[in-house]
Amino acid sequence: MKTVNYELNVFPEKYEMVVNTTTYSPNDSEFNICRFCPETNPEKFKSTAHLIPEFTGNKELKHYCECDSCNNKFSKYERDLSLFGGIKNIIAGIKGKKYPKHIDKKNNFFAKSKLNTFQLFEHKPNDAIKIENGKFSISTDTQKFKPRFVQKALVKIALSLMDKDEMNKFKKTIEWLSVPEDEITTEEHPLFILIERETRKPLKRPVAMLMKKTKKHNSPEYALLFYYSFFAYQIWIPFNQSDANLDYNNFSFPLSTLVITDLENLKEAKFNHYHMTKLKKVKLTDEFESKLK
Ligand SMILES: [Zn+2]
């Protein structure tokens, strides 16, 4: 991969917010016209599609231009986005269709959340769960997920928020999104990086913001900021026609201060970056620590 430079403290001058889910309202001229395939038969829009995945705590925001078949396909991506969140999603206790669960076979424990309580069932004593020195900690693995599917779940949110008149730039993005095991992902391409920071207090309701660049500079036209549970994410939207002439050898990514700043202490926080192109299933080490009250 080419070197990727991150730019700090320039995001507010280079990007502006074009859509925010807290003030979003759907465009009814698009109802029952799928954004992701040619479907327009109202009979094929029977299931409830969500603008943001339901498991992140979104009950209200529906997506009316997503047919049943596309909705069904995207639910696989959303499942992997949920698995990527790991044990923290159980601790956050956010209810989607149901409350999430986590099974750790190696360490013999099972965790679930129920009515705002976090429940742990240990079959045997283990080293994964510790309560000592006034701290509670868990060290486990996430369940296996496909990194590329995680990225697709996030790009799908961005395209759902996109202005209808901008959608013609994203034909290739839609092609990429529509084929789960696509062959057009460029393995080492910098546009498939996911920036992640963890927060100390979980959000019960998710927030997504679509950001657009304000002037000519050598970075992608659109970015998505997405917050749910303990996570703040930033991604870029791949295969945008308007990004075709960017110089990828001399590339910089402005990072949103909202994603990389710890809002509680108002200082720059540690963030992770992941390359999200692999289709092979992986798991991550997943750690959680909290002071006992
Ligand atoms: Zn469709």
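Let's start with one small pairing and work outwards: S137 has E289 as its bridge partner in β14. Keep in mind as you look that this is a predicted model. S137 also has a neighbour on another strand, since K130 stands opposite S137 in β7. Following these partners across leads us to a whole sheet.

That sheet is open, has three strands and runs in the order β6-β7-β14, with antiparallel pairing. Strands of a sheet pair through backbone hydrogen bonds, and they may do so in a parallel or an antiparallel way. Which strands stand at the edges of this sheet? They are β6 (129-132) and β14 (285-291); each has a single partner strand, so one side of each is left without a neighbour in the sheet. From one strand to the next, the twist averages 10°.

Now look at the two pairings in turn. Strand β7, residues 135-141, pairs with β6 in the antiparallel sense over four bridges. Besides the K130 pair, you can find I131, whose bridge partner in β7 is F136. The hairpin of β6 and β7 has two residues between the strands, and here N133 takes a positive phi near 50°. On to the other pairing: β7 and β14 run antiparallel and are joined by seven bridges.

A second sheet is worth finding next. It is an open sheet of three strands, ordered β3-β4-β5, and its pairing is antiparallel. Here β3 (101-104) and β5 (117-122) are the edge strands, each pairing on one side only. The twist in this sheet averages 15° from one strand to the next. Between β4 and β5, which run antiparallel, there are six bridges. One residue pair to look for is F110 with its bridge partner in β5, F121.

Let's step back to the chain as a whole. It is divided into domain 1, made of 5-27 + 146-283, and domain 2, covering 86-141. Taken over C-alpha atoms, the centres of domain 1 and domain 2 are 29 Å apart. Where the domains touch, five residues from domain 1 and five residues from domain 2 take part in the contact. On the domain 1 side, β8 (193-213) and β9 (222-236) each supply at least two residues. What kinds of residue make up that side of domain 1? There are two nonpolar, one polar and two charged residues.

From the contact between domains we can move to the interior. In soluble globular proteins, nonpolar side chains tend to be buried together. The largest nonpolar core in this model has 62 residues, and L154, A158, L224 and F226 touch the most other members. Several elements each give at least two residues to this core, among them α2 (68-85), α4 (147-161), β4 (109-114) and β9. The largest share comes from β9, with 13 residues. Both domains take part: the core draws at least three residues from each of domain 1 and domain 2. To see the packing around one member, pick out A158. Leaving aside neighbours within four places in sequence, A158 is in contact with L210, Y222, L224 and I237.

Finally, visit three residues in the loops. N32 lies in the loop between β2 (15-20) and α2. Its phi is positive, about 60°, although N32 is not a glycine. N32 counts as partly exposed because it has 16 C-beta neighbours inside 10 Å. F239 also has a positive phi, of about 65°, without being a glycine. You will find F239 in the loop between β9 and β10 (252-254). Is F239 buried or exposed? F239 is buried, because 21 other C-beta atoms lie within 10 Å, and the cut-off for buried is 20 or more.

The third loop residue is K164, between α4 and α5 (171-178). K164 counts as exposed because it has 12 C-beta neighbours inside 10 Å, and 12 or fewer is the limit for that label. Not counting residues up to four places away in sequence, K164 touches N27 and E30. K164 and P220 are 56 residues apart along the chain, and 19 Å separate their C-alpha atoms.

Technical notes:
Residues are numbered from 1 along each chain as its sequence is written. This is a predicted model: local features need pLDDT of at least 70, side-chain atom pairs count only at pLDDT 80 or more; totals for chains, interfaces and linings use all residues. Domain bounds come from an automatic or database domain assignment. Two residues are in contact if their C-beta atoms, placed from the backbone, lie within 7 Å. Ala, Val, Leu, Ile, Met, Phe, Trp, Tyr, Cys and Pro count as nonpolar, Asp, Glu, Lys and Arg as charged, and the others, Gly among them, as polar. A nonpolar core is a set of buried Ala, Val, Leu, Ile, Met, Phe, Trp, Tyr and Cys residues joined through C-beta atoms within 7 Å. Two strands pair if DSSP finds at least two bridges between them. Axes are lines fitted to C-alpha atoms, for helices over the stretch in contact, and angles run from 0 to 180 degrees between N-to-C directions.
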